[in-house]
Amino acid sequence: MTVFVSADTLAAIRRERPDTVRVIEVRRTGDDAPDRHVDGAVVAVLTTDLSRSGAPATEGKRPLPDLPTLQGTVRRWGIHDDTSVVVYDHDGSFVAARAWWVLRWAGLADVSILDGGLPAWLAAGHPVGRLAADVGRGTATLTGGRLPQLDADAAAARAAAGRLVDARPTDAFAAGHIPGARNVSSRSTIADDGRLHDAATLRARYGPDLAGIGLYCGGGVAAAHGVAVLAHLGVTAPLFVGSFSAWSADPRRAVARASTATGGTS
C-alpha cells in the first residue's frame with residue numbers, strides 16, 4: 001500500500017482480504033479514546049507503545065521504545081511480517097504518523113496512514129463498531145534501523161546547510177528553534193477537510209528542492225508526519241526523534257528565539 005490510503009481504499013482492502021490487514025487506532029494517552037472506532041481495530045498508545053519513559057532529557061520527551069518491547073507489542077496486535085497495517089488517529093494530532101514512522105523504522109514493510117483519520121472514515125459512510133477483542137498473537141520479527149534518523153549533531157549540520165525543517169506551529173518555532181532551521185508546520189499540509197493537500201501544494205509547502213531535508217518538531221510526532229508527507233512525494237527524509245525537547249535539554253546547544261516562518265500558520 002501507499003504511505004497514505006483513503007477511507008474508500010481501506011474499506012475495499014478489508015473487503016477483499018480481511019485476514020491480511022490490521023487496523024490500529026492510535027491515541028496520545030490511554031484515556032484519549034474516541035466514542036467510535038473502525039470496526040475491529042486494535043489500540044496503540046503514543047506514551048506507552050510508541051515511546052519509552054525514563055530516558056535522559058537529552059533523548060527528548062518521546063524516545064523510541066526498546067525493540068524487544070515493541071516486538072512484543074506488535075505481536076500482541078496480531079501482526080505478522082506480511083501483514084498490511086493501517087494506522088489512524090481521531091483528532092488530527094499526528095500520532096498516527098508517529099506510529100507509521102516507528103513501525104516502518106522497526107522493520108514492518110507495509111504500513112500506511114489513513115488519510116484524514118477517523119473523521120474521513122466516518123464522512124465516507126464506512127462502518128464503525130467494536131475494537132478487536134482477541135486477534136491472536138502475531139509472529140512479526142522487528143530489526144530496527146529501517147528509516148534514517150538524525151542525532152543532535154547531524155541536525156545541527158543540516159540546519160547549517162539550510163536543510164532542516166521544524167514541523168511545529170509557527171508560534172512554537174518563533175519561541176525557540178534550532179538555529180538555521182526553517183519552519184514548515186505539518187498543519188499546513190492538511191486541507192480544510194482534514195486530508196492531505198494535493199501533491200503540487202505539498203511540494204510548494206516544502207520548496208522546490210527536497211533533497212537532503214531533515215525534520216524535527218517538539219517530540220518526534222508532528223515531524224513524523226512531515227517525513228510521511230515527503231515519503232508520499234517520493235523523498236526519504238530523516239527524523240530527529242529527540243527533536244527540540246532533546247535539543248533544548250542540552251545546555252551546550254544554542255537556541256534561536258525569532259525568525260521568519262514559512263509554509264504554515266498552525
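Here is a short chat about the domains and pockets of this predicted model.

Visitor: How do you know where domain 1 and domain 2 begin and end?
Guide: The bounds come from an automatic or database domain assignment. That assignment gives domain 1 as 4-129 and domain 2 as 149-249. Their centres, taken over C-alpha atoms, are 21 Å apart.

Visitor: What makes domain 1 and domain 2 count as being in contact?
Guide: Contact needs heavy atoms within 4.5 Å. On that basis, 23 residues of domain 1 touch 25 residues of domain 2.

Visitor: How much area do domain 1 and domain 2 bury between them?
Guide: About 1,800 Å², with 71% of it on carbon and sulfur atoms. On the domain 1 side, Phe 4, Phe 94 and Trp 101 lose the most area to domain 2, and together they make up 37% of what that side buries.

Visitor: What is the count of salt bridges between domain 1 and domain 2?
Guide: Zero. To count, a side-chain nitrogen of Lys or Arg would have to sit within 4 Å of a carboxyl oxygen of Asp or Glu.

Visitor: Why is the largest pocket said to lie between the domains?
Guide: Because domain 1 and domain 2 both give residues to its lining. The largest pocket has a volume of about 260 Å³. Its lining has 19 residues, and Asp 89, Gly 92, Gly 116, Gly 117 and Gly 194 lie nearest the centre.

Visitor: Why are those glycines called polar?
Guide: Gly is placed among the polar residues by the classing used here. By class, this lining has nine nonpolar, five polar and five charged residues.

Note on methods. Residues numbered from 1 in each chain as written. Predicted model: local features only at pLDDT ≥ 70, side-chain atom pairs only at ≥ 80, totals over all residues. Heavy atoms only, no water. 1 Å grid on protein atoms, 1.4 Å probe; cavity = no way out; pocket = protein on both sides within 12 Å on 5 of 7 lines; lining within 4 Å. Points joined across faces, edges and corners; volume = space filled by probe spheres on them. Buried area = accessible area lost by both parts, 1.4 Å probe.
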